[in-house]
Amino acid sequence: MAPDGKRWESENMQMRDPPHPGEGLGKRLKPFGVSVTAAAKFLGVPRKALSDILNRRSGVSADMAIRLEKAGLGSARSWLELHLEYNLWKARLRAEINFKEFPPRGQRF
């Protein structure tokens, strides 16, 4: 298990059910007691853009990651890695491909 209690996939050490970056951002903003409007204004982004991240309707772009880094809320790389892990997990849930053997025996590319 990961330190936060989440389970890890053994074969590639990727977290199962990783949190959306908006969850972590909300936790980082909560102690400051600022509104979404005030935080968005400070970051120089539209309120809707920040609200969509916090409510898990959109992800963290490279631009937003840099803004969060400059605001002292973590490194840009960490925000992008969080989002990447979340996106990969969601894509794996949607994937219907199940290779039993690759490449298929007797077939060439």
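So, how are α1 and α5 oriented to each other: parallel, antiparallel, perpendicular or oblique? Before I get there, keep in mind that we're looking at a predicted model.

Okay, the two helices. Helix α1 covers residues 21-29, and helix α5 covers residues 76-94. They pack with their axes 9 Å apart, at an angle of about 140°. Angles over 145 degrees would count as roughly antiparallel, and α1 and α5 are therefore oblique to each other.

Who makes the contact? On the α1 side you've got Pro 21, Gly 24, Leu 25 and Arg 28, and on the α5 side Trp 79, Leu 82, His 83 and Tyr 86. Sort the residues of that contact and you get five nonpolar, two polar and one charged.

Let's stay with Pro 21 for a second. Its C-alpha sits 9.2 Å from the C-alpha of Glu 81, although 60 residues separate Pro 21 and Glu 81 in sequence. Glu 81 belongs to helix α5. Is Glu 81 buried, exposed or partly exposed? Its relative accessible area is 45%, so Glu 81 is partly exposed.

Now back to Tyr 86, which has a second role in this picture. There's one aromatic pair in the structure. That pair is Tyr 86 with Trp 89, and it's tilted, with 45° between the planes and 6.4 Å centre to centre. Along the chain, they're three residues apart in helix α5, so about one helical turn separates Tyr 86 and Trp 89. And unlike our partly exposed Glu 81, both Tyr 86 and Trp 89 are buried.

That's my tour, thanks!

Terms used: Residues numbered from 1 in each chain as written. Predicted model: local features only at pLDDT ≥ 70, side-chain atom pairs only at ≥ 80, totals over all residues. Heavy atoms only, no water. Phe/Tyr/Trp six-rings, centres within 6.5 Å; stacked < 30°, edge-to-face > 60°. Helix = DSSP H or I, 4+ residues; strand = E, 2+ residues; numbered from the N terminus. Buried < 20%, exposed > 50% of the residue type's maximum accessible area, 1.4 Å probe, protein only. Axes fitted to C-alpha atoms, helices over the stretch in contact; angles between N-to-C directions. Parallel < 35°, antiparallel > 145°, perpendicular 65-115°, else oblique. Contact = heavy atoms within 4.5 Å. Nonpolar A, V, L, I, M, F, W, Y, C, P; charged D, E, K, R; others polar.
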